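Student: I would like to learn how to read some features of a structure. Where should we begin?

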Amino acid sequence: MKSTWISPRWSLFDLLCSRRRFRGRFGIWSWWLGGNLVVGAGNFQVSAADQPQWGQAWSRNMVSEEKHLPDSFDPKTGRNVKWTAQLGTETHSTPIVAGGRIYIGTNNGTQRDPKHQGDRGVLMCFEEKTGNLLWQFVVPKREEDPYFDWPKTGMSSSVTVEGARVYLTDNRGEVVCLDAEGMANGNDGPFRDEGAHMTPPKGSGSPPKPVAGAEIQPEPMRPPVDGTALVPGPLDADIVWLFDLASGAGTWPHDGAHSSILIRGDHLYVNTATGVDNTHKRIRAPNAPSLVVIDKRTGNLVARDDEHIAPDIFHCTWSSPSLGEVNGRSLVFFAGGNGVLYAFEAMNPALAPPRRGTGGSASSDETPVPGGAGYPGVASRAKTLRKVFQFDFDPTAPKENIHQYLSNRREGPSNFYGMPVFYRNRIYLAGGGDVFWGKNEAWLKCIDATKTGDITTNGLVWTYPLQKHVMSTPAVYDGLVFIADCGRAFHCVDAETGKPYWSEEIKGDAWASPLVADGKVYLGTRSGNFYVFAASKEKKVLASIELGNPISATATAANGVLYVATMTRLYALQTGANSKSVEDSR
Ligand SMILES: [Ca+2]
Ligand SMILES: [Ca+2]
């Protein structure tokens with residue numbers, strides 16, 4: 001993240017903030033940004049940067065350099081609230097901030113555009129300064145079977161932004177590259193079928209009741225043939241290219257894709273969100289990849305894992321990859337749906353060779369694709385990712401016929417929701433029984449990332465037992481690890497030893513991850529409580545704010561502002577700001 005040095009007048013800013021409360025969007029922050037940035041001088045380093053991906057690039061550590069973030073806020077009075085924006089009715093995506101825009105996935109529960117009626121996955125793009133909606137990516141549900149794309153859950157993935165390109169896995173399990181400017185500046189890229197893509201099939205809106213084990217396959221979007229396709233407008237997203245993981249890579253979508261795409265050079269590393277079928281006991285795509293590499297310029301599939309993970313996936317593949325340098329080489333760390341942590345050699349060279357021709361489409365005899373420009377395929381033959389190590393997170397768990405442990409809260413395999421965090425040659429990873437279907441046990445583990453081969457026995461540094469189920473990614477900061485679990489506990493442990501410093505009972509399960517920023521730890525829970533702790537060995541609860549609406553999103557800090565999303569509303573929080581109360585706002 002870029003850092004900015006500011007002049008000693010910072011102390012004046014500090015003083016003003018503590019004494020005065022500035023109103024409106026042209027408050028003190030704008031004044032400061034406008035008049036006091038002095039690059040390369042000063043005695044106090046402050047970071048003011050975008051947050052273009054989930055966690056740090058690419059350790060995934062949820063630690064931000066932002067300063068002067070609020071200790072608390074009050075949505076009723078507007079204290080420390082810069083603006084708020086209405087979302088849909090379910091929001092499981094973490095906000096991402098880049099290039100003056102904020103991106104967050106939600107559903108269509110609050111229709112922002114009358115031409116999009118009914119249940120959809122929606123990615124909203126807001127103006128960072130004001131919270132005004134700039135455009136939205138609206139995607140019909142997969143209705144072949146509700147278990148492919150669970151109703152009302154919206155678009156759960158967090159985007160990754162690089163320059164003018166926004167990368168995302170949508171609710172249908174399509175990897176998409178979007179234009180950050182949307183459709184307002186014209187239709188860019190080889191993909192031109194936005195109208196067809198946003199049009200649901202005739203008679204949709206009432207997905208069939210799931211028939212257990214029925215021979216239903218995930219199908220690519222079929223454009224309407226009778227000229228009834230919607231016409232995109234300036235409020236719609238502009239797709240540059242689109243790669244359907246189910247038809248293009250042979251995955252089996254389950255519940256809803258959840259990914260945060262990792263970029264290295266020209267390569268996108270994407271967890272495929274492949275999982276069980278609607279019985280939760282069968283794997284219908286046993287050859288599906290769990291981790292794929294896609295050329296960011298074309299959308300072509302260039303590599304995949306060949307670890308035969310799919311048959312042992314207990315539920316789904318929701319953990320996104322991380323990356324770190326170990327002994328002079330770049331490793332991609334990936335927590336599989338089978339409860340195993342893998343390290344793969346990053347693709348070299350990081351920049352793919354120049355492709356032939358233009359238009360972004362590639363042909364393949366191996367994989368059917370929807371066809372047409374902007375629908376990429378497999379670039380010649382997809383390569384295999386080379387494994388460096390594997391670590392069985394739960395070696396004493398059952399390894400045979402694992403799906404018989406469905407709904408068994410005492411015994412069964414482990415899986416992952418949070419990401420593996422790379423920090424000083426170690427991986428910090430939380431996992432355990434599946435939240436919805438598995439055993440209660442869960443752990444935070446520290447793993448030595450310098451070892452190779454099967455490191456299950458010699459790679460474990462320490463284990464810390466959690467209360468019950470875990471969906472969080474740990475945050476490592478100042479020799480401490482912070483993690484929250486679904487047993488309603490928040491933990492602070494020693495990063496070297498795993499020894500607990502303190503824990504605190506929290507209201508509600510934690511689906512979000514803790515964010516460390518400005519000496520504080522921010523965490524929202526499913527009961528709608530938002531906590532602020534001191535990021536220290538000593539337990540200090542700085543604030544507990546009731547937002548009255550469940551929180552799945554991790555808090556995001558960027559450019560001096562903290563973003564908190566509940567199921568229905570995005571809050572932009574800034575020390576000293578004082579907006580209208582939420583009741584009065586849009
Ligand atoms: Ca455009
Ligand atoms: Ca386009």
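Tutor: Begin with how residues are sorted by class. Ala, Val, Leu, Ile, Met, Phe, Trp, Tyr, Cys and Pro count as nonpolar, Asp, Glu, Lys and Arg as charged, and the others, Gly among them, as polar. Keep in mind that this is a predicted model.

Student: How many residues of each class are in the lining of the largest pocket?

Tutor: That lining divides into 11 nonpolar, 13 polar and 3 charged residues. The space in the largest pocket is about 620 Å³. It is lined by 27 residues, and H92, Y417, F436, M471 and W511 are the closest to its centre.

Student: How does a cavity differ from a pocket, and how many cavities of 30 Å³ or more are there?

Tutor: A pocket is an open set of points, whereas in a cavity a 1.4 Å probe fits but cannot get out. The count here is 7 cavities of 30 Å³ or more. The largest cavity holds about 90 Å³ of space.

Student: Which residues lie nearest the centre of the largest cavity, and what classes make up its lining?

Tutor: Q51, G55, M62, L515 and A555 lie nearest the centre, out of 15 lining residues. By class, the lining has 8 nonpolar and 7 polar residues, with no charged ones.

Student: How do I read a sheet, and in what order do the strands of the open sheet run?

Tutor: Two strands pair if there are at least two bridges between them. In this open sheet, 4 strands follow the order β4-β37-β36-β35, with antiparallel pairing. The edge strands, β4 (79-86) and β35 (556-558), each pair on one side only. From one strand to the next, the twist averages 25 degrees.

Student: How many bridges join β4 to β37?

Tutor: There are 6 bridges between β4 and β37 (residues 569-578), and the two strands run antiparallel. Within this pair, V81 stands opposite L573 in β37.

Student: Where is A512 found, and is A512 buried or exposed?

Tutor: A512 is in the loop between β30 (500-505) and β31 (515-517). Buried means under 20% relative accessible area. A512 has 1%, so A512 is buried. A512 lies 10 residues from Y522 in sequence, and their C-alpha atoms are 9.9 Å apart in space.

Student: What is a disulfide, and how many disulfides does the structure hold?

Tutor: A disulfide is a covalent bond between the sulfur atoms of two cysteines. The structure holds 0 disulfides.

Student: Are C125 and C446 buried or exposed?

Tutor: C125 has a relative accessible area of 0%, so C125 is buried. C446 is also buried, at 0%.

Terms used: Residues are numbered from 1 along each chain as its sequence is written. Chains are lettered from A and ligands numbered from 1 in the order in which they are written. This is a predicted model: local features need pLDDT of at least 70, side-chain atom pairs count only at pLDDT 80 or more; totals for chains, interfaces and linings use all residues. Side-chain values use heavy atoms; hydrogens and water are left out. A disulfide is a pair of cysteine sulfur atoms within 2.5 Å. Buried means under 20% relative accessible area, exposed over 50%, partly exposed in between (1.4 Å probe, protein chains only). On a 1 Å grid over the protein atoms alone, a cavity is a set of points where a 1.4 Å probe fits but cannot get out, and a pocket is an open set with protein on both sides within 12 Å along at least five of seven lines; lining residues have an atom within 4 Å of a point. Grid points are joined across faces, edges and corners, and a volume is the space filled by probe spheres set on the points. Axes are lines fitted to C-alpha atoms, for helices over the stretch in contact, and angles run from 0 to 180 degrees between N-to-C directions.
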